[in-house]
Each structure stands twice: as C-alpha cells, then as structure tokens.
Amino acid sequence: KTLTIGAKLSPRSSNSSEIGRGFNLIIYAEIWLRNLTKLPLTFGAPSAQVENTVNKEMPLLSGKISAESALVELSSVLDTNGFGLFGTGEDDTEEFCRDNVNLPLQQCEEFFDEVFEYVALNENGNIERTWWAAEDHISLRKKPDNSGLDNELAWYVDCAGESFLKNGWESCTNISGSKSYNFSGRRTFNPSHRFRRRRWYRKVKRGTHPAVSGISEGLIFHQPADLDKFTRTQKEAERNTIGVHLEEREHEGSLLDIFNRPIHQDGILDIMTAVANDGSTLISVKCMDGRWSTPAIIPPSGSSNGVIRTSSSRWPALTTFIRRNKQKWSHLEVKNRQGHDDLNAGTVDPIKFGMAPLEPNVFELCYQVTMLPGMWGELSRMLTITPRFLLKNESTWLDIVVKQVGSPDTSRILIKRGEIAPFYWADGNLPELVCARPNEDGFKWSGGFDLCTLGMLPLRLRLLDSVNDNSILSSLRVNVEIQPGTGGIGTMISLRDEDPSGEGSLFRIENHSPFQ
C-alpha cells in the first residue's frame with residue numbers, strides 16, 4: 001500500500017525584504033488516529049482515499065459488466081414478473097463500506113486483508129470473465145499471491161455459509177441493479193446463476209513479514225490521497241451554499257417540487273450527492289475479521305462527534321439467518337482443509353479453506369474529532385475512538401454482574417466494586433436492554449433498562465424460589481448520565497446498592513401523620 005503524507009512549503013521569514021532566501025518545509029498528517037478501547041480495531045477507508053490511483057481497465061470492465069448485467073436483469077424481471085423495488089429485506093448496513101481497504105498503518109497486533117474473486121459464466125456454464133475486486137465488484141484489486149509467504153501469511157478462501165458446499169463460491173443472478181438479484185449477505189449458492197464470487201482473506205501479525213506488515217506501536221496517521229486540504233475546504237463551502245440556493249428558489253414552488261423536476265434541472269438526487277460529496281474524510285473500523293463499521297465522518301474543518309457500530313461477524317445477515325433457523329456451521333469442518341478449484345479459474349492449487357467469524361456481538365463506539373493543540377492545530381486533527389457505554393460500580397462492598405437481556409449468562413460482565421468497564425452488545429439480534437444482579441448465588445436477573453435513557457431508576461432484586469429471603473439487598477440504583485467529552489453521545493451508567501435503612505434511596509415513605 002502507498003503511505004501518503006502532507007507537505008507545506010512556506011517562506012522562512014515574513015519580512016518582505018528577506019523573502020526568497022529560504023523556505024520552511026513542514027511534513028504533517030491531517031488525521032491522527034487513536035484507539036482508546038481494548039478492542040483490536042483495524043482502521044480503514046475508501047480505496048480512493050488511501051491510494052489515489054486509477055486502473056485503466058476499470059472503465060472498460062465496469063462498462064461491459066454493467067451493460068451485460070442490465071440485460072440479465074431485464075430478462076429476470078420479465079421471467080419472474082417482479083421488479084425488486086423493495087430489495088431483499090437484508091439489513092441496510094450491509095451496503096456500507098463495500099470499497100474499504102486497510103490503512104497502511106495499524107495499531108492492533110494483527111489485522112486481516114481480503115479480496116474477492118469474481119467469475120462470469122456464459123450460457124454453456126464456462127468461464128467468460130474473471131476479475132479480482134472488493135466487495136463492490138467495480139473496485140478492482142490485485143490477485144492474491146502466496147509465493148514467498150509462509151503459512152501464517154497464506155491466503156484462505158472463506159467458506160462461511162451455504163457456500164461451504166461449493167469451495168467458497170456464492171452466486172447471484174445479476175451484479176448490478178436491484179438488490180434482489182445481487183449478492184446477498186446470506187452467502188447462498190445456485191448453480192443456475194451466471195455470476196459467482198468468493199472471498200479470500202489472510203491474517204497479518206506484527207513483525208511476520210516486513211513487506212506486508214504495517215503495524216505501528218505508537219499513534220498512527222492518515223493523509224487522504226483523493227483530495228488536498230484546499231479542495232476539501234472548497235467542497236465544504238459549496239455544500240454550505242445549498243441551503244442558500246433553496247431559499248432563493250422558494251418562489252418557484254414548494255421544496256417537494258424538486259422530486260418532480262425534469263432531469264435537466266436540479267432534483268433531489270443532485271442535492272443529496274452534493275451534500276455527500278462535501279470533501280469529508282471517511283474512516284471506518286472493524287474488530288479482527290469482522291464487518292466494517294459505518295464510517296466516522298470527519299468534516300474538512302472543525303470538530304465533530306458521532307457513533308459508529310461494527311459487528312464481530314463478517315456476515316451479519318448470515319449470522320441472523322443461522323440464529324433464526326437454529327443452524328450451525330462448525331469451524332472445525334474447514335480447519336486446515338485443502339482442495340482444488342472446481343471452476344479452474346486460474347487460482348493456485350491446492351486451495352486452503354477457512355471460515356470468517358460469525359459471532360453475533362455488536363460493538364457500539366463513540367468518535368471525537370478534535371484539533372491538535374498549538375501550531376499543529378492548523379494542519380492536523382485527532383480522531384479518537386472510545387466505548388459508547390461505560391459501566392461503573394459505585395458500591396463499597398458489592399460486586400455486580402451485567403448482561404444484555406436475553407443473552408446467555410456466559411456473556412455477563414463482572415464489575416468489581418469501584419471499577420469501570422465498557423459494555424458491548426452480546427447479540428445484535430436481541431433487544432438493546434441491559435439487566436443486572438449481585439455477583440452472589442441466589443439472585444435473579446433484574447428487569448431490563450435502556451442505556452440511552454438519562455436519569456435515575458431503581459432495579460428490584462429478587463431471590464430464586466429455592467433461596468430463603470434473608471438478604472438485606474432489595475434494589476439497585478442506576479444512574480445514567482452523559483460522558484464528558486463525547487458531545488452528548490456516550491453515557492456513563494453507575495450502579496449502586498441501596499441502603500437498607502433508606503438513606504439515599506430513590507423512593508422512601510415517611511410517616512409524618514399522627515397515625516401509626
């Protein structure tokens with residue numbers, strides 16, 4: 001990968017009489033990245049933002065594929081009498097970051113590379129075209145090469161899902177147009193489909209190979225390669241003028257009229273594109289070989305805050321399908337398995353097969369974009385990733401366990417007295433509610449509560465039916481407040497046992513009447 005840095009050239013002196021006698025060259029990076037979680041996060045960005053290179057074959061290849069796919073889609077519509085207007089019903093987050101690549105520098109001990117092998121078949125079932133690309137089939141990639149690499153850096157074929165039956169291949173009717181005909185996150189295979197693909201991946205550890213390892217022990221940086229700082233600032237100014245243009249055209253009719261304007265006039269798609277292409281820098285994260293998160297949006301100037309979510313499963317839709325249908329695929333079935341390519345697509349035999357993670361964990365994180373102090377604030381900013389939810393045990397003698405409502409007890413988090421621990425969702429398919437109880441035998445789990453609802457609330461502690469009711473504990477007090485420095489996004493959840501005497505309780509009844 002190409003590592004890009006910024007450079008600023010300025011006169012050595014501001015005195016007009018001394019201009020031309022020398023220059024100052026400042027080497028800098030616009031974005032510094034800092035991971036304050038304990039998660040092994042990998043940072044990534046769109047490929048154009050990392051490597052400002054254009055593949056000459058891409059326009060020709062994408063044009064052929066798009067034209068042929070359009071014909072296939074049209075015939076599919078006529079055959080099935082369905083237009084696929086509402087897609088496949090899959091999660092919309094599957095559409096995010098399909099062209100992401102790892103940044104050249106990383107903080108984690110290990111990270112994963114991936115590339116997709118695509119095949120188009122003709123009417124006779126023979127290979128018509130083969131190419132290597134990202135999950136977005138238009139963004140071309142280099143073919144993986146195992147020559148000169150040991151087993152630790154070897155490329156594996158991902159066999160997660162139904163594609164395990166066909167050496168990692170999944171299929172679809174059409175690779176462009178409606179989502180109902182494109183590749184789905186379910187990873188299904190149909191031998192009658194014309195387009196096929198499979199995912200290749202490898203794990204890179206710190207110091208395993210100097211040619212591929214980009215792991216840094218300190219802070220890492222990212223210098224966007226697609227646009228320079230001046231161009232991004234100009235695009236931001238153009239974005240900010242959209243509202244002014246709309247106000248000037250109020251006399252032409254309602255704002256809703258932009259949906260009905262002719263193609264040659266500005267419509268809603270033009271406005272949405274202008275807002276999206278405002279020169280912002282996009283940074284995504286993933287945990288190990290999981291799914292890329294929704295991007296953290298860094299504006300061309302100033303500070304910002306936001307929330308990003310990333311799944312530990314590489315295929316969240318497949319994980320949901322397995323859970324709903326109570327199906328299981330064992331990692332042991334493909335461990336150290338080797339085979340041969342049944343399509344003979346030019347890959348190296350034998351092929352090593354593996355399986356991407358399918359755990360249902362979801363990590364909800366905060367990001368903050370701040371200016372660096374001093375003179376560097378003019379050139380550089382810091383992107384900091386922190387947990388969105390922090391749990392604090394304010395009890396002086398009681399240890400508390402917490403888990404997501406409906407998740408197994410093995411996912412519980414132990415918070416010892418006086419400690420603070422981050423909280424992440426154990427299962428993205430369950431309600432996002434939390435329950436708690438003392439870390440002692442005999443107690444039931446409390447009712448669920450929302451981590452985003454600010455304020456205090458009591459949690460009733462109940463004993464199991466087989467336990468004698470001689471405990472002094474009857475309730476926990478939960479206080480949900482905003483984490484400082486998160487822009488009102490992160491929350492701190494404090495848990496504390498209530499005093500049996502009623503001191504400091506949320507609810508207390510005092511009899512001030514003359515009656516007993």
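**Questions about a predicted chain**

Author: Let's start with the overall count: the protein chain has six helices and 26 strands. Keep in mind that this is a predicted model.

Reader: Fine. How much of the protein chain counts as buried?

Author: Of its 516 residues, 46% do. The accessible surface of the protein chain comes to about 27,600 Å², and carbon and sulfur atoms hold 53% of that. As for contacts with a separation of 6 or more, residues 24 or more positions apart account for 65% of them.

Reader: Let's get to labels. Why is D465 called exposed?

Author: Exposed means over 50% relative accessible area. D465 has 75% relative accessibility, so it counts as exposed. You'll find D465 in the loop between β24 (455-460) and β25 (475-482). Its C-alpha is 8.6 Å from that of G442, with the two positions 23 residues apart in sequence terms.

Reader: And what makes I5 partly exposed?

Author: Partly exposed is the range between the 20% and 50% cut-offs. I5 comes out at 47% relative accessibility, so partly exposed is the right label. I5 sits in the segment before β1 (6-11).

Reader: Which residues join I5 in the nonpolar surface patch?

Author: L9, F23, L25 and I27 do, and with I5 they make a patch of about 540 Å². Patch residues need over 30% relative accessible area, and I5, at 47%, therefore clears that bar. Strand β2 (residues 23-28) gives the most to the patch, with three residues.

Reader: What makes you say that strand β10 is mostly covered?

Author: Just the tally: β10 spans residues 195-205, and nine of its eleven residues are buried. Buried here means under 20% relative accessible area.

Reader: How do you know that β6 and β10 pair?

Author: Two strands pair if there are at least two bridges between them. Strand β6 (residues 110-121) and β10 have eleven, in the antiparallel sense. One spot to look at is V115, which stands opposite W200 in β10.

Reader: What about β8 and β10, how many bridges join them?

Author: Two, and the strands run antiparallel. Since the requirement is at least two, β8 (residues 156-158) and β10 therefore count as paired. Y156 has Y201 in β10 as its bridge partner. Strand β9 (residues 170-172) is joined to β10 by three bridges, also antiparallel. There, S171 has R196 as its partner in β10.

Reader: Which strands form the open sheet, and in what order?

Author: Four strands do, in the order β5-β4-β12-β13, with antiparallel pairing. β5 (100-102) and β13 (296-298) are the edges: each has a single partner strand, so one side of each has no neighbour in the sheet. From one strand to the next, the twist averages 35 degrees.

Reader: How do you know that β12 and β13 pair?

Author: By the bridge count again: strand β12 (residues 281-287) and β13 have three, in the antiparallel sense, and at least two are needed. I283 is bridged to A296 in β13.

Reader: Last one: which residues of helix α6 are buried, and what covers them?

Author: In α6 (residues 316-325), the buried ones are P316, A317, L318, T319, T320 and I322. Their cover includes strand β14 (304-311).

Technical notes
Residues numbered from 1 in each chain as written. Predicted model: local features only at pLDDT ≥ 70, side-chain atom pairs only at ≥ 80, totals over all residues. Heavy atoms only, no water. Axes fitted to C-alpha atoms, helices over the stretch in contact; angles between N-to-C directions. Buried < 20%, exposed > 50% of the residue type's maximum accessible area, 1.4 Å probe, protein only. Contact = heavy atoms within 4.5 Å. Areas by Shrake-Rupley, 256 points an atom, 1.4 Å probe, with all protein chains shown as cover. Patch = residues over 30% accessible without salt bridge, like charges linked within 9 Å, V, L, I, M, F, W, Y side chains within 5 Å. Salt bridge = Lys/Arg side-chain N within 4 Å of Asp/Glu carboxyl O.
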